[in-house]
Amino acid sequence: MDKPELTSRLKAIITTYAQETDALAHLTEETDFIKDLKINSANLVDIVLDVEEEFGIEIDNDSMSRMLTVGAAIEIIEAKLAANDRE
Amino acid sequence: MIGNDLVDLQQAGKDSNWNRKGFMEKVFTGSEQFLINSASQPAQMVWLLWSMKEAAYKIHTRDTKLRSFAPTAIQCNNLVLHENTASGEILYEAELYYTQTEINSNYIHTIAAQNLEQLQQIKVFIDHYDPSNTDYRNKNPDCVSHHGRYLALVFI
């Protein structure tokens, strides 16, 4: 999966929970789920679960603890997909 | 330093499905899951433990300036639950926090501090939340939490 496709599938998930439509329209890798998109922390758990389902990966607690920005999420998804491919 | 967290139960019921597969394991430790599964009101226990974790996390991040999303690493211990109140402790990265919670049919509000003396000195102010009104900032609260219909300020 290339990065634009991965990013657009991630954005579709984020859109469900984001409260700030402006920040959502101008999504960058630096966009912070809580500070910029005003996603509440319970819904951050939903994003992690949605990502697991959408990409067929498992996000361990250590990875989840770093999943605070769009860029961090992309990096984690890419790493988990690469690990799946190696299996 | 002190912290607080308010959960509007109506809002939480609308926004979050904690029964969703995988949710519990991502948020709660084994002993917390046991508390939830054996509670007479599981939803109330979910948001009680959640607000304890959040209130302590706020103190911790202001202290360390480090952000991390690791709810299972923020552990609730020694919970004592009464009808309208609860007290407990949080252990997070070897730091201990004490919590006191108010529970009613509308919201759950937890205050947290690093020692019991400070916890008892906390003054709580809860009001209806109006997003267009930011006057509360002039009161210089030590911590603020708003969720759904409510705004909670705490002072030391």
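Reader: What percentage of the 156 residues of chain B count as buried, and what makes a residue buried?

Author: The figure for chain B is 47% of its 156 residues. A residue is called buried when its relative accessible area is under 20%. The model is a predicted one, and every value discussed here is computed from it.

Reader: How many helices and strands make up chain B?

Author: Chain B contains 5 helices and 8 strands. Their order along the sequence is β-α-α-α-α-β-β-β-β-α-β-β-β.

Reader: Why is chain B called as compact as a globular protein of its length?

Author: The radius of gyration of chain B is 15 Å, and the globule rule gives 15 Å for 156 residues; the two values are close, so chain B is as compact as a globular protein of that length. Along the principal axes, its C-alpha atoms fill a box of roughly 40 × 35 × 30 Å.

Reader: What portion of the contacts in chain B with a separation of 6 or more joins residues 24 or more positions apart?

Author: Such pairs supply 55% of those contacts in chain B. Each contact requires heavy atoms within 4.5 Å.

Reader: How much surface does chain B expose, and where are its charges placed on average?

Author: About 7900 Å² of chain B is exposed, with 48% of that area coming from carbon and sulfur atoms. Chain B carries 13 positive and 17 negative charges, and the mean positions of the two sets lie 7 Å apart.

Reader: How do you know whether the span of helix α4 of chain B agrees with its 23 residues?

Author: Helix α4 of chain B covers residues 42-64, and at 1.5 Å a residue its 23 residues should span 33 Å. The expected span is 1.5 Å times one less than the number of residues. The end C-alpha atoms of α4(B) are 33 Å apart, so expectation and model agree.

Reader: What makes α4(B) largely enclosed by the rest of the structure?

Author: Of the 23 residues of α4(B), 18 are buried, so the helix is largely enclosed by the rest of the structure. Just after this helix, B:K65 adopts a positive phi of about 60°.

Reader: Is B:D63 of α4 in chain B buried, partly exposed or exposed, and how do you know?

Author: B:D63, which belongs to helix α4 of chain B, has a relative accessible area of 39%. That value is neither under 20% nor over 50%, so B:D63 is called partly exposed.

Reader: Which residues does B:D63 touch, not counting those up to four places away in sequence?

Author: With those neighbours set aside, B:D63 touches B:M1 and B:Q114. B:M1 is 62 residues from B:D63 along the chain, and their C-alpha atoms are separated by 8.2 Å.

Reader: Why does B:G13 count as buried or exposed?

Author: B:G13 has a relative accessibility of 57%, which is over 50%, so B:G13 counts as exposed. Its place is in helix α1 of chain B, residues 9-15. The C-alpha atom of B:G13 is 15 Å from that of B:L49, a residue 36 positions away along the chain.

Reader: What makes the phi of B:A94 worth noting?

Author: Most residues other than glycine have a negative phi. B:A94 is not a glycine, yet its phi is positive, at about 70°. This residue sits in the loop between β3 (85-92) and β4 (95-103) of chain B. At 73% relative accessible area, which is over 50%, B:A94 is exposed.

Reader: Where is A:K38 found, and how do you know whether it is buried?

Author: A:K38 is in the loop between α2 (21-25) and α3 (41-55) of chain A. Its relative accessible area is 44%, between the limits of 20% and 50%, so A:K38 is partly exposed. A:K38 also has a positive phi, about 55°, without being a glycine.

Reader: How many helices and strands does chain A have, and why is it called as compact as a globular protein of its length?

Author: Chain A has 5 helices and 0 strands, in the order α-α-α-α-α from the N terminus. Its radius of gyration of 12 Å is close to the 12 Å that the globule rule gives for 87 residues, so chain A is as compact as a globular protein of that length. In chain A, 48% of the 87 residues count as buried.

Note on methods: Residues are numbered from 1 along each chain as its sequence is written. Chains are lettered from A and ligands numbered from 1 in the order in which they are written. This is a predicted model: local features need pLDDT of at least 70, side-chain atom pairs count only at pLDDT 80 or more; totals for chains, interfaces and linings use all residues. Side-chain values use heavy atoms; hydrogens and water are left out. Helices (H or I, at least four residues) and strands (E, at least two) are DSSP runs, numbered from the N terminus. The radius of gyration is taken over C-alpha atoms; the globule rule is 2.2 Å times the number of residues to the power 0.38. Buried means under 20% relative accessible area, exposed over 50%, partly exposed in between (1.4 Å probe, protein chains only). Accessible areas come from the Shrake-Rupley method with a 1.4 Å probe; for residues, only the protein chains shown count as cover. Lys and Arg count as positive and Asp and Glu as negative; His and the chain ends are not counted. The place of a charge is taken as NZ of Lys, CZ of Arg, CG of Asp or CD of Glu.
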